Amino acid sequence: MSTSNSFVVHSDRFRVIIGEGPTLELLAENESYPFAHEAGVFIAERNELFITSNRIQDPSGEQRVQITKVLLDKPSSTGLVTCEELSVPIVMGNGGVNYHDGILVCSQGSMEAPSGLYYMHTMPPYTSTLLKGEFYGRPFNSVNDVVVHSDGSIWFTDPVYGYEQGYRPAPRLPNQVYRYNPIDGSIRAIADGFGRPNGICFSPDEKVVYITDTDWIHGDGTTDDTRSSSIYAFDVVHYHGQPFLTNRRLFAMADNAIPDGIKCDLEGNVYSGCGDGVNVWSSGGDLLGRILVEGGVANFCFGRDGEMFLLNEHRLWRAKLKGNVKGALLGV
């Protein structure tokens, strides 16, 4: 267990978040493949976590992603928590979010299977249904991350990583962000102008949406320090009864690799998985502190009463912050 050395304070406001005795605990590890990469969807009523792996190269040369359920209350023979690999027909799963009685999972797709949004049940047999797989006949690139608004609409990012990594056809859409309304089936491109749009979340009052641009790294693995590794903030306003994003502004830049997954707590602080762990900013864009994890954090989610689950490729960690810290998504 790591303690004080894992928490870097840039502002005294971070001490209010982490409390007097924050901890970082290893929950699970798997050296055979990077099982803990994306999604990170916490099911509070059963104390379970759903995660997706990074890309796995099979002996045949095919790429795939493994979806895993983490049983946080069930220790394994190693003393860590139990992880169950699931057989779910969601191709190249990535980001995810709680949705009704199940979860939404982003499918990045393949050369044959569409990229899109799947609704997945969280109990056996873990059935899944494609909710949206195209933009008026044009296929999505490789849907990456997703968040749900209180009005029922689903907002998601769609960068071109799948084509660059060799498992999707040539793009037919720009790098954009979309809003899908499952009630009437309508879909809109809601934001563009990104190199590689990636993580997305709302402020607690839903007046601001935060979107990360991870153009610093392309799908072929090349990086460029002059490309975006930043978080952009937009105001959510309504014209003619419909939401629009205005007042685009640079919210923050990650100084170490990219800001990938992103979430807010109920106080409006903004957390993002970066190359050195999780970075935390105030709602005004001040860097408050960091939770250091060697190798970085792609994505994460909040649990109960100050818990955070950090996805670190071959390892899954639990950070324990001050007990009154709660994620804005679930408020637990």
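This report walks through the nonpolar cores, a buried aspartate, the cysteines and the salt bridges of a predicted model.

## The main nonpolar core

Let's start inside. The largest nonpolar core has 20 residues, and the members that touch the most others are Ile17, Tyr271, Val278, Ile291, Met308, Leu310 and Leu321. Several elements give two or more residues each: helix H1 (12-18) and strands S25 (277-281), S26 (287-292), S27 (299-302), S28 (307-312) and S29 (315-320). Helix H1 gives the most, with three residues. As a general backdrop, nonpolar side chains in soluble globular proteins tend to be buried together.

Ile291 is a handy residue to click on. Leaving out residues up to four places away in sequence, Ile291 touches Ser6, Phe7, Phe14, Leu24, Asp276, Gly277, Val278, Met308, Leu310, Ala319 and Leu321. Apart from this core there is another one, made of 17 residues, including Tyr33, Ala44, Ile56 and Leu316.

## A buried aspartate without a salt bridge

Asp265 sits in the loop that runs between strand S23 (262-264) and strand S24 (270-274). Does Asp265 count as buried or exposed, and which side chain of opposite charge is nearest? Asp265 is buried and has no salt bridge, and the nearest candidate, Lys326, is 11 Å away.

What the Asp265 side chain does have is a backbone partner: one of its polar atoms lies 3.0 Å from the backbone nitrogen of Asn269. Not counting residues up to four places away in sequence, Asp265 touches Pro204, Tyr271, Phe302, Val325, Lys326, Gly327 and Ala328. So Lys326 does appear among the contacts of Asp265, because a contact takes just heavy atoms within 4.5 Å, while a salt bridge needs a side-chain nitrogen of Lys or Arg within 4 Å of a carboxyl oxygen of Asp or Glu.

## Cysteines

The disulfide count is zero. Cys106 is in no disulfide, and the nearest cysteine sulfur, in Cys201, is 14 Å away. Cys106 is also buried, at 0% relative accessible area.

Why is Cys274 unpaired with Cys201? The sulfur of Cys201 is the closest cysteine sulfur to that of Cys274, but at 13 Å the two are too far apart for a bond. Cys274 counts as buried too, with 3% relative accessibility.

## Salt bridges

Across the whole structure, a search turns up 17 salt bridges. One of them joins Glu29 and Arg315, with 3.5 Å from N to O. Glu29 belongs to strand S2 (residues 23-29) and Arg315 to strand S29, so this pair ties together parts that are 286 residues apart in sequence. Glu29 is partly exposed at 41% relative accessibility, and Arg315 is partly exposed at 28%.

In two further pairs, a buried residue meets a partly exposed one. Glu48 and Arg46 form a salt bridge at 3.2 Å, N to O; Glu48 is buried at 9% relative accessible area, whereas Arg46 is partly exposed at 27%. Lys132 and Glu134 pair up at 3.5 Å, N to O; here Lys132 is the buried partner, at 13% relative accessibility, and Glu134 is partly exposed, at 30%. There is also a network in which salt bridges with shared partners join Glu25, Glu307 and Arg318.

Technical notes:
Residues are numbered from 1 along each chain as its sequence is written. This is a predicted model: local features need pLDDT of at least 70, side-chain atom pairs count only at pLDDT 80 or more; totals for chains, interfaces and linings use all residues. Side-chain values use heavy atoms; hydrogens and water are left out. A nonpolar core is a set of buried Ala, Val, Leu, Ile, Met, Phe, Trp, Tyr and Cys residues joined through side-chain atoms within 4.5 Å. Buried means under 20% relative accessible area, exposed over 50%, partly exposed in between (1.4 Å probe, protein chains only). Helices (H or I, at least four residues) and strands (E, at least two) are DSSP runs, numbered from the N terminus. Lys and Arg count as positive and Asp and Glu as negative; His and the chain ends are not counted. A polar contact is a pair of N or O atoms within 3.5 Å; within protein, one must be able to donate a hydrogen and the other to accept it, and residues adjacent in sequence count only if both atoms are side-chain atoms. A disulfide is a pair of cysteine sulfur atoms within 2.5 Å.
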